[in-house]
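Student: Could you take me through one part of this model slowly? I'd like a close look at the nonpolar core and how the rest of the chain is arranged around it.

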Amino acid sequence: QNKELVLDERLLQICNLLKANVPYYNWVGFYFKNGNKKELKLGPYAGDPTDHTIIPFGKGICGQVAESNKNFVVPDVMAQDNYIACSITVKAEIVVPLFVNGENIGQIDIDSNTADPFTEKDERFLEFVNQEVAKIL
Ligand code: SME
């Protein structure tokens, strides 16, 4: 139990750091696969609370990444039909899967209030962040 609290505290620090230091990162959170259930569960996050603490596989951008195992960059959320809106201020989203020993166990999810802000640099950076996170899980 204590180990999980320490871990959650570290993940929260990462969310806070990312949100505070990248102006177009307006909501930063981790979702993790929830045991054997075909759903994601919200972990630590920085930004406004969301109603979407559980997301079934396949639903929304996050649920699609749970199945595709691939980065999903959304320059314009309004152009997506399989999208779960958390806030009306969000214009763009990036989701990068988190691998432990080659297995997709969750993801980092970032919402932006800026239109089309994410580049390959964000993808490489967030892949690096997830690789570092994988080491402490
Ligand atoms: N927009 C996400 C849902 C999670 S919120 O962004 C925090 C999606 O479509 O999966």
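Tutor: Let's start with the overall plan: the chain has three helices and six strands. Following the sequence from start to end, you meet them in the pattern α-β-β-β-α-β-β-β-α. Keep in mind that this is a predicted model. The average pLDDT of the chain is 97, and 100% of the residues score at least 70. For the complex, the predictor gives an ipTM of 0.96 and a pTM of 0.97.

Next, the overall dimensions. The C-alpha atoms fill a box of roughly 40 × 30 × 25 Å along the principal axes. A compact globule of 137 residues would have a radius of gyration near 14 Å, and the chain has 14 Å, so the two agree. Among the contacts with a separation of 6 or more, 46% join residues that are 24 or more positions apart.

Now for the part you asked about. Buried residues make up 28% of the 137 residues in the chain. The largest nonpolar core has 25 residues, and those with the most contacts inside it are Val 28, Tyr 45, Cys 62, Ile 94, Val 95, Ile 108 and Ile 110. Several elements build this core: α1 (2-21), β1, β2 (39-46), α2, β5 (92-100) and β6 each supply at least two of its residues. The largest share, five residues, comes from β5.

Let's zoom in on Ile 110, which lies in strand β6. Is Ile 110 buried or exposed? A residue counts as buried if 20 or more other C-beta atoms lie within 10 Å of its own. Ile 110 has 25 such neighbours inside 10 Å, and therefore counts as buried. Leaving out residues up to four places away in sequence, Ile 110 touches Tyr 25, Trp 27, Val 28, Glu 93 and Ile 94. Two of these partners, Val 28 and Ile 94, are also on the list of core residues with the most contacts. As a landmark elsewhere, Ile 54 is 56 residues from Ile 110 along the chain, and their C-alpha atoms are separated by 16 Å.

Ile 108 is another of the core residues with the most contacts. Beyond its neighbours within four places in sequence, Ile 108 is in contact with Phe 30, Val 96, Leu 98, Leu 126, Val 129 and Asn 130.

The core also leads us to the ligand. Cys 62, one of the core residues with the most contacts, is among the residues that come nearest to the ligand, together with Gly 60, Ile 61, Ile 84 and Cys 86, out of 15 around it. The shell around the ligand draws at least two residues from each of β1 (27-33), α2 (60-68) and β6 (103-112), and α2 gives the largest share, four residues. By type, the shell divides into seven nonpolar, five polar and three charged residues.

For contrast, look at two loop residues. Most residues other than glycine have a negative phi. Asn 101, in the loop between β5 and β6, has a positive phi of about 50° although it is not a glycine. Asn 101 is exposed, because just 6 other C-beta atoms lie within 10 Å. Asp 116, in the loop between β6 and α3 (120-136), also has a positive phi, near 45°. With 13 other C-beta atoms within 10 Å, Asp 116 is partly exposed.

How values were computed:
Residues are numbered from 1 along each chain as its sequence is written. This is a predicted model: local features need pLDDT of at least 70, side-chain atom pairs count only at pLDDT 80 or more; totals for chains, interfaces and linings use all residues. A residue is near a molecule or strand if its C-beta atom, placed from the backbone, lies within 6 Å of it. Ala, Val, Leu, Ile, Met, Phe, Trp, Tyr, Cys and Pro count as nonpolar, Asp, Glu, Lys and Arg as charged, and the others, Gly among them, as polar. The radius of gyration is taken over C-alpha atoms; the globule rule is 2.2 Å times the number of residues to the power 0.38. A residue is buried if 20 or more other C-beta atoms lie within 10 Å of its own, exposed if 12 or fewer, and partly exposed in between; C-beta atoms are placed from the backbone. Two residues are in contact if their C-beta atoms, placed from the backbone, lie within 7 Å. pLDDT is the predictor's confidence in each residue, from 0 to 100. A nonpolar core is a set of buried Ala, Val, Leu, Ile, Met, Phe, Trp, Tyr and Cys residues joined through C-beta atoms within 7 Å.
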